[in-house]
Amino acid sequence: MIMSDKIEKKADEVKVMDNAAPAPEENSAVEYLTFLPPVDIFESNGIMKLLLDMPGTGASGVSVHIEDQVLKISGDTEMIDYGRSVRYKREFPISNELDTTGITAKIKDGVLEVILPKLDSAKVHKVQVSAG
């Protein structure tokens with residue numbers, strides 16, 4: 001399996017990660033509610049594709065990066081509810097069978113699509129079988 005066994009291949013429910021919101025930036029009155037966004041994970045021969053529901057988040061508010069073989073995704077919204085903005089955070093341990101230099105991400109209508117290409121050595125290769 002390319003992704004860690006900790007990741008289920010079905011959509012998760014939105015859950016509050018912790019009750020204590022991260023401290024707002026200095027001189028900022030904004031507080032955040034932090035949520036774990038639901039995700040769908042798809043695997044094909046050449047890629048892993050993640051779809052994360054992050055409503056209210058635009059491209060400028062999203063961060064996608066790799067650190068110590070962990071895909072880290074976060075996003076802040078401009079939606080304010082009860083004086084707090086929403087912050088999404090999700091992390092995925094990833095295999096060394098993925099090409100971390102070829103990752104792409106785009107967001108449209110509140111859905112973040114992250115494409116992780118597999119290394120050629122991790123792709124399925126068909127072997128031709130000859131007779132006799």
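Is serine 95 buried or exposed? In this predicted model, serine 95 is buried, because its relative accessible area is 14% and the cut-off for burial is under 20%. The residue sits in the loop between β7 and β8 (104–108). Its side chain has a polar partner: one of its polar atoms lies 2.9 Å from the backbone nitrogen of glutamate 97. Serine 95 can also be placed against valine 70. The two are 25 residues apart in sequence, yet their C-alpha atoms are 8.8 Å apart in space.

A second loop residue can be read in the same way. Threonine 57 lies in the loop between β4 and β5 (62–67). At 8% relative accessibility, threonine 57 is buried. What does threonine 57 touch, beyond its neighbours within four places in sequence? The list is Val62, Gly75, Asp76, Thr77, Tyr88 and Ile107.

Now the sheet. Four strands make up an open sheet, in the order β3-β4-β9-β8, with antiparallel pairing. The edges belong to β3 and β8. Each has a single partner strand, so one side of each lacks a neighbour in the sheet. On average, neighbouring strands here are turned by 15° against each other, direction ignored. Take the pair β8 and β9: they run antiparallel and are joined by five bridges. Lysine 106 stands opposite glutamate 113 in β9. Those two residues also appear in a network of salt bridges, together with Lys49.

Next comes the largest nonpolar core, which has 17 residues. Which members touch the most other members? They are Leu50, Leu52, Leu71, Ile73, Phe92 and Val114. Several strands supply this core: β3 (39–43), β4 (47–53), β6 (70–81), β7 (84–93) and β9 (111–117) each give two or more residues. Valine 114 shows what such a position looks like in detail. Leaving out residues up to four places away in sequence, valine 114 touches Met48, Lys49, Leu50, Leu52, Val64, Leu71, Ile73, Ile103, Thr104 and Ala105.

Charged side chains come last. Side chains of opposite charge can pair when their charged atoms come close. How many salt bridges does the structure hold? There are five. One of them joins the side chains of glutamate 43 and lysine 118, at 2.9 Å from N to O. This pair links distant parts of the chain: glutamate 43 is in strand β3, lysine 118 is in the segment after β9, and 75 residues separate them. The partners differ in exposure class. Glutamate 43 counts as partly exposed because its relative accessibility is 38%, whereas lysine 118 is buried at 8%.

Arginine 87 and aspartate 76 form another salt bridge, with an N to O distance of 2.7 Å. Here strand β7 holds arginine 87, strand β6 holds aspartate 76, and the two are eleven residues apart. Arginine 87 counts as buried, at 16% relative accessibility. Aspartate 76 is partly exposed, at 26%. Aspartate 76 is also among the residues in contact with threonine 57, so this salt bridge partner leads back to the buried loop threonine at 8% relative accessibility.

A further salt bridge brings together the side chains of lysine 72 and glutamate 67, with N and O 3.6 Å apart. Glutamate 67 has a relative accessible area of 37%, which means that it is partly exposed.

Methods
Residues are numbered from 1 along each chain as its sequence is written. This is a predicted model: local features need pLDDT of at least 70, side-chain atom pairs count only at pLDDT 80 or more; totals for chains, interfaces and linings use all residues. Side-chain values use heavy atoms; hydrogens and water are left out. A nonpolar core is a set of buried Ala, Val, Leu, Ile, Met, Phe, Trp, Tyr and Cys residues joined through side-chain atoms within 4.5 Å. Buried means under 20% relative accessible area, exposed over 50%, partly exposed in between (1.4 Å probe, protein chains only). Contact means heavy atoms within 4.5 Å. A polar contact is a pair of N or O atoms within 3.5 Å; within protein, one must be able to donate a hydrogen and the other to accept it, and residues adjacent in sequence count only if both atoms are side-chain atoms. A salt bridge is a side-chain nitrogen of Lys or Arg within 4 Å of a carboxyl oxygen of Asp or Glu. Two strands pair if DSSP finds at least two bridges between them. Axes are lines fitted to C-alpha atoms, for helices over the stretch in contact, and angles run from 0 to 180 degrees between N-to-C directions.
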